[in-house]
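Colleague: I have a model open and some terms I would like explained. Can we go through them one by one?

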Amino acid sequence: MTGVILFLVGVVTLAGIYAILAMILNLEAGWAGMWDLGLAGLVAVGGYVFIITTQTTHEDVVFAPGWPMWAGVVAGSLAGGIAALIIGIPSLRVRGEYFLITTLAFAEVIRQLSINLGTITRGTVGFNQFSRPFESLVSGSAYRWFLLAMVWVIVLLVYLLMRRLGHSPYGRLLRGFRDNDPVARSLGKHTNRHRIQTFVLAGLMYGAVAPLYVWFIRTVTPSLFTSEVTFVTWTALVIGGIASLRGPVLGAAILLVVTEAAALVQGSGEMAVVLASVRFIVLGLVLILVMRFRPEGLAKERDAFARASRRVEA
Amino acid sequence: MKPGLRQMVILAVIALVAAACGDAGGEADTTVGGDTTTSAGSEATTTAGDGATSTAGDGEEGPIKFGMLIGVTGDYAPYYDVSKAGADVAIAEINDAGGVLGRQVELVVVDNKSTVEGAVQGFSQIVDVEGVHVLGGPESDGAIANLQAIKDLQLPTICPACGTSELDEAGGDYIWRITGSDSDGGLIAAQFARDAGYTRVAMLVQNTEGASAPADVFKQVFTEIIGGEVVADVRFDPGQSSYQAQVDQAFADEPEVVYVGSGFEAGGIILTEWQRRGYGGGFLFSPDMVVPEIAALTEQGVEIGDGVARAAIAAYDTGSPAYESYAPRYEAITGEQPTPGLYDANQYDQYIILALAITAAGTTDGPAVAAEITELLNPPGTTVYSYADGVAAIEAGEDIDYHGASSSLDVNEFGNLSSPNFGEQNIVDGQWSQVATVELDPSLRP
Amino acid sequence: MTLLDLKGIETGYGKIPVLHSVDLRVDENEMVALIGPNGAGKTSLAKAAFGLLPAMRGSISFDGEDLTGATTARRIHLGMAMAPQVENTFPELTVDDNLLTSFSTLAPEDSAAAVENAYALFPRLAERRRQSARTLSGGERQMLAFACASGTKPRFLLLDEPTTGLAPTIVHSLVERIVEFKDGGASILWIIEENPLEVLPYVDRVYVLSNGTVKAETKAEDLLSEEALRTLFFGLEE
Amino acid sequence: MTPADMQNIIFGLVTGSILAIATVGFSMIRQTEGFINIAHGQLLTLGAFLGYFFVATLEMNVFLAGLASMLLVGLFGVLLSIVVFRPVAKSGPLAQLFTSIGLAYLLFGLIRVVFGANVTFFPTGFGGRLDLGPVNVTVGEILIIVVAATVVGLLALFLTQTRLGTWIRATASNPELARLRGIPVNRVSYAVWFVASALAGLAGVMVGLIGNVHSELGWTQILIILAAAVLGGLGSIYGVLAAGLLLGLAMDLSALIIPTSYRTVVAFGVLILGLLLRPQGLFAAKGRREA
């Protein structure tokens with residue numbers, strides 16, 4: 001029984017990480033209407049910059065300054081923001097589906113670069129021996145509980161931040177753009193500048209939380225940052241309820257716990273291939289059914305902002 | 001909004017409280033493990049051992065759990081069936097001989113989805129939920145992803161098929177590798193090229209760690225030590241529908257031979273394209289290409305048989321009694337001969353080793369078991385070729401030196417094979433077959 | 001007799017309503033105008049009438065049949081037609097194909113005749129029959145849109161501001177064609193943003209829409225004074 | 001122009017032909033149905049596996065197998081549109097997009113259960129090599145190009161010369177007006193799903209023939225399909241054909257100047273560059289319509 005709990009600690013930690021990603025995605029996609037399919041690329045930038053700047057010894061990389069961990073996190077965050085700016089300027093000229101595809105393309109380019117720039121990123125090998133924060137204070141198996149707590153405290157902080165943002169004039173402005181761009185533009189708001197700002201903010205946040213993912217996985221390789229990260233985050237957001245407040249957290253928790261805990265159901269070895277495929281089938285079915293019967297997701301935007309919109313009307 | 005906030009706070013509080021409890025629990029685990037490893041009483045140590053590997057805490061009752069964390073799905077899925085067959089042969093042998101420490105052995109298979117994230121989650125599942133006592137099966141990236149955790153948990157782990165150069169100097173305490181490394185694979189390919197008198201070689205290499213690491217060693221050795229010329233070094237991403245331009249580029253300067261370092265998925269496409277265009281020449285293959293799918297291409301008219309394509313892979317020690325006893329049992333399950341490129345015999349060997357180590361330690365306690373592994377693989381000691389012989393020798397109070405079906409399995413301080421066997425493989429009648437054994441020339445080591 | 005009858009219509013995009021409880025009717029062989037400032041919800045009303053926007057509240061009926069939840073196809077089948085203000089042609093298709101496609105509800109031989117009718121009505125279109133609609137001028141596009149919408153001889157035609165941005169002579173001839181069409185026995189709901197003086201003389205009744213609600217319903221004559229028009233077209237609230 | 005250039009142009013034509021076939025169907029769905037169908041890649045995988053099954057197990061002629069595969073995948077696409085996509089049509093493009101992602105996962109899992117996770121190769125020859133001066137081409141490659149060109153030609157005839165085809169173009173051109181003009185939108189939708197899915201099936205067989213057949217095909221192909229579709233101007237059918245060819249040529253010609261490991265980077269680099277220069281798509285004549 002304690003074993004199952006320990007396993008679930010890992011699952012819930014991962015769910016927390018995805019909850020954070022989904023909340024950030026909700027900011028840019030749910031509220032600002034920017035369908036970003038390239039968030040894995042921004043997470044990759046943050047993760048790589050963090051690990052490279054905090055490395056001390058690697059004879060086979062050209063740059064290993066060995067910064068303290070907090071500086072690495074800041075650097076990762078800034079790099080995420082800068083990457084978002086670079087991506088945002090060309091691709092925010094276009095909206096909707098074009099933005100969605102250009103961001104996907106950028107993410108793939110970033111992943112390819114992480115493979116090909118071996119002298120900086122250690123290529124396909126990546127990094128696997130590095131320390132984690134407070135590892136000397138928290139011993140062995142307890143570290144998993146520590147990581148869990150850390151991740152969920154950050155979930156809480158990001159949630160509070162998002163709640164504040166969502167109800168602020170800025171949040172209302174973003175949702176206004178999303179719903180009616182021409183009107184917002186006619187009111188003299190510089191929608192494009194706000195979009196870029198929001199995307200850069202999202203980039204900063206993706207970059208800043210990337211180290212959490214790195215600490216959980218304990219290795220950094222290009223294969224970690226495939227578009228599967230993006231799709232899982234999106235699925236979590238969509239299931240939970242896009243543009244709502246609680247939706248991202250709810251969706252990530254349910255999705256990750258269900259799909260990862262499904263791994264506990266293990267049949268015989270011969271059935272393993274089938275069972276592993278069933279995971280995709282279940283994931284797909286859940287997504288299709290949620291879209292069909294509850295397209296707004298489990299938590300609704302209307303509920304989250306009911307009071308706010310009433311205030312606007314009054 | 002208020003209820004939402006409240007839920008979040010409650011969740012966070014639960015997480016923190018749980019963390020505090022976990023902290024206490026964790027300390028208890030460590031202390032128990034540390035204190036009792038020296039205790040002589042087998043009853044006490046067995047219990048303590050469970051604690052040390054932070055397993056589900058099953059007592060001395062019930063089966064001993066051997067973990068197999070492996071890619072059931074994803075990129076490594078094609079290897080799964082044969083790997084499982086090799087492991088099954090070992091488990092059956094162990095149980096037929098009365099199990100380990102009088103307990104039956106159970107094989108627990110968990111899928112790592114052939115991804116890093118999957119390996120991390122799968123590791124937690126196989127250790128925390130299933131509570132395995134020892135671990136086998138992982139591929140390179142899965143092993144690397146969990147390297148730190150394996151050491152933290154003091155979980156005896158054997159890697160039957162990891163080539164990764166990351167393990168060249170990382171093992172020997174809790175993780176062992178019982179196959180030749182990628183670095184050695186690149187080295188032996190260069191030796192082939194030298195012995196065949198090639199001076200102009202082209203390279204076609206897939207951009208993944210398992211393929212590019214040996215290719216880099218090959219290139220370094222071939223150009224710097226042997227003095228040959230690499231006329232084209234073409235790298236490509238896997239997962240494309242065709243590689244025409246890449247193949248054309250490799251053959252553009254008419255090399256004497258082309259080194260193909262690739263998974264068989266892309267490799268198969270490359271070879272069919274080579275055949276269609278009739279580029280001619282010969283190939284040196286990386287070990288990943290030595291699989292039945294590639295050999296079967298000869299039946300579809302791809303003329304790479306009879307020495308056109310040569311590969312050097314970690315060979316099975318076919319003369320060993322262990323191999324002679326293993327091969328028919330493997331064949332009975334799969335209907336196929338053991339195949340070196342598929343590492344089935346290595347999968348078999350790893351569980352025999354782990355079972356012998358537990359027997360020698362007299363406990364499932366991680367550090368105690370791990371302490372036995374290097375010793376029982378290396379001389380001095382009575383050479384044994386099967387689990388039953390090994391148990392008999394241990395019970396007779398002798399030191400043992402296990403020789404496996406894959407090789408003699410002597411290891412160095414880093415848990416790597418000190419003298420891996422290599423065999424030259426050619427395709428004959430649609431199947432890979434070993435045409436010669438090769439000894440690695442140490443003078444080529446960079 | 002009432003042909004089109006909208007009662008208490010509320011509609012909008014996504015979750016935000018832009019029309020609130022709108023009542024509007026068009027009688028048989030009547031020409032009705034709908035006017036109001038930019039963003040008042042005129043186009044949304046048109047789309048709701050044709051089922052392109054869902055009616056969140058209220059009911060729509062045509063010739064006594066309840067159409068509140070009916071498909072667009074059903075409405076077309078009953079004899080409703082519309083020429084939208086923008087995106088009123090198939091830009092990638094030739095003029096010929098635009099017309100043929102628009103007459104897809106007719107039998108093949110009838111549709112060929114309808115195409116020839118349209119060319120007789122607008123000789124300029126006949127000159128451009130092989131050109132894609134994208135290459136047409138604004139006036140030609142409005143002609144094509146009207147020809148497409150009216151060619152199937154619908155009993156009710158909704159025109160969403162067909163004269164915007166056109167030269168006065170073209171406006172004049174287009175209005176003439178439309179009036180001829182109405183005189184043939186059809187009913188028309190005409191959404192007016194520009195050129196009210198060209199159109200209002202032919203109109204029976206006028207609805208004034210502002211901020212998503214009907215602010216007034218009057219006889220057209222009452223609006224023809226300049227002051228009333230200025231109020232209407234430069235905002236009602238000021 | 002060096003022989004290597006010309007040789008790579010041939011490779012690019014082959015890559016581009018397959019890509020164009022795969023992308024045209026995707027683009028038709030995007031334009032008439034109004035959403036991005038991620039599951040298009042899985043239909044391609046299904047086509048590859050069916051083609052393989054017909055050739056390897058039923059020992060059918062490869063052309064027949066291709067046709068049968070097109071037909072089956074086409075019908076399957078129609079079925080999917082009715083069962084899976086129509087019910088969410090009113091929920092908007094985001095819901096449709098995520099339904100298609102869900103469907104992609106579902107099909108991916110089902111394909112693995114039915115066909116397994118192994119990599120296989122078509123058991124069929126590819127004809128001999130023909131030397132044309134400094135360059136060479138194989139019979140199979142010529143066939144792929146010829147079949148692709150024929151299919152595109154037939155598609156163009158269908159779209160311009162038939163009533164149904166004109167309706168499809170009209171719906172693609174202006175979906176709302178198509179409804180207003182009484183075009184039978186259901187029939188148009190079935191036709192589009194059939195044609196688009198059948199083309200995906202054909203592209204799958206072609207990919208399988210030139211490369212290999214395995215369950216991951218769909219995921220790798222959809223990325224490049226998306227790139228070609230955007231480059232061509234989402235929904236512009238002729239633009240997409242041109243973009244597919246251009247992208248194929250760019251990927252294979254880039255091998256001459258930069259390392260081939262950057263091949264996919266080139267594809268996306270071209271895409272990004274294209275969007276910078278012409279945000280509405282390189283070949284789109286009209287302004288883009290926002291999602």
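Colleague: Where is P380(B) found?

Modeller: This is a predicted model, so keep that in mind throughout. P380(B) lies in the loop between α14 (366-377) and β11 (382-384) of chain B. A cis peptide bond joins P379(B) to P380(B), with omega about 0°.

Colleague: What makes D429(B) worth a look, and where is its place?

Modeller: D429(B) is not a glycine, yet its phi is positive, about 55°. Its place is in the loop between β13 (422-428) and β14 of chain B.

Colleague: Now the contact of chain D and chain A. How many residues does it take from each chain?

Modeller: Chain D gives 45 residues and chain A gives 37 residues. Together the two chains bury about 4,000 Å². Of that area, 78% is on carbon and sulfur atoms.

Colleague: Why quote an area at all?

Modeller: Because the size of an interface is often given as the accessible area lost when the parts come together.

Colleague: Which three residues supply more of the area that chain D buries against chain A than any other three?

Modeller: L94(D), F98(D) and Y105(D). They supply 17% of the area on the chain D side.

Colleague: How many salt bridges and polar contacts are counted between chain D and chain A?

Modeller: The salt bridge count is zero. The polar contact count is one residue pair, both residues at pLDDT 80 or more.

Colleague: Which helices of chain D supply at least two residues each to the side that touches chain A?

Modeller: They are α3 (62-85), α4 (93-115), α9 (217-232) and α11 (263-277) of chain D. The largest share, 16 residues, comes from α4(D). By class, this side of chain D has 32 nonpolar, nine polar and four charged residues.

Colleague: Why is the pair R122(A) and E166(B) called a salt bridge?

Modeller: The cut-off is 4 Å, from a side-chain nitrogen of Lys or Arg to a carboxyl oxygen of Asp or Glu. The side chains of R122(A) and E166(B) meet at 3.1 Å, N to O. That is within 4 Å, so the pair is a salt bridge.

Colleague: What lets such side chains pair?

Modeller: Side chains of opposite charge can pair when their charged atoms come close.

Colleague: Where does each partner of that salt bridge lie?

Modeller: The pair crosses between chains. R122(A) is in the loop between α5 (118-121) and α6 (142-167) of chain A. E166(B) is in the loop between β4 and β5 of chain B. Over all chains, the whole structure has 35 salt bridges.

Colleague: How do you know that β4 and β5 of chain B pair?

Modeller: Two strands pair if there are at least two bridges between them. Strand β4 (residues 157-159) of chain B and β5(B) have three bridges, so they pair, in the parallel sense. I158(B) stands opposite W176(B) in β5(B).

Colleague: In what order do the strands of that sheet run?

Modeller: Five strands form an open sheet in the order β2-β1-β3-β4-β5 (chain B), with parallel pairing.

Colleague: What makes β2 and β5 of chain B edge strands?

Modeller: Strands β2 (105-111) and β5 (175-177) of chain B each pair on one side only. The twist averages 20° from one strand to the next. Helix α3 (residues 77-96) of chain B packs on the sheet, touching β1 (64-70) and β2 of chain B. The direction of this helix makes about 165° with that of β2(B).

Colleague: Which strands make up the sheet of seven?

Modeller: The order is β7-β6-β8-β9-β10-β13-β14 (chain B). This sheet is open, and the pairing is mixed. Its edge strands are β7 (229-236) and β14 (431-438) of chain B.

Conventions:
Residues are numbered from 1 along each chain as its sequence is written. Chains are lettered from A and ligands numbered from 1 in the order in which they are written. This is a predicted model: local features need pLDDT of at least 70, side-chain atom pairs count only at pLDDT 80 or more; totals for chains, interfaces and linings use all residues. Side-chain values use heavy atoms; hydrogens and water are left out. Contact means heavy atoms within 4.5 Å. Buried area is the accessible area (1.4 Å probe) that two parts lose on being put together, summed over both. A polar contact is a pair of N or O atoms within 3.5 Å; within protein, one must be able to donate a hydrogen and the other to accept it, and residues adjacent in sequence count only if both atoms are side-chain atoms. Helices (H or I, at least four residues) and strands (E, at least two) are DSSP runs, numbered from the N terminus. Ala, Val, Leu, Ile, Met, Phe, Trp, Tyr, Cys and Pro count as nonpolar, Asp, Glu, Lys and Arg as charged, and the others, Gly among them, as polar. Axes are lines fitted to C-alpha atoms, for helices over the stretch in contact, and angles run from 0 to 180 degrees between N-to-C directions.
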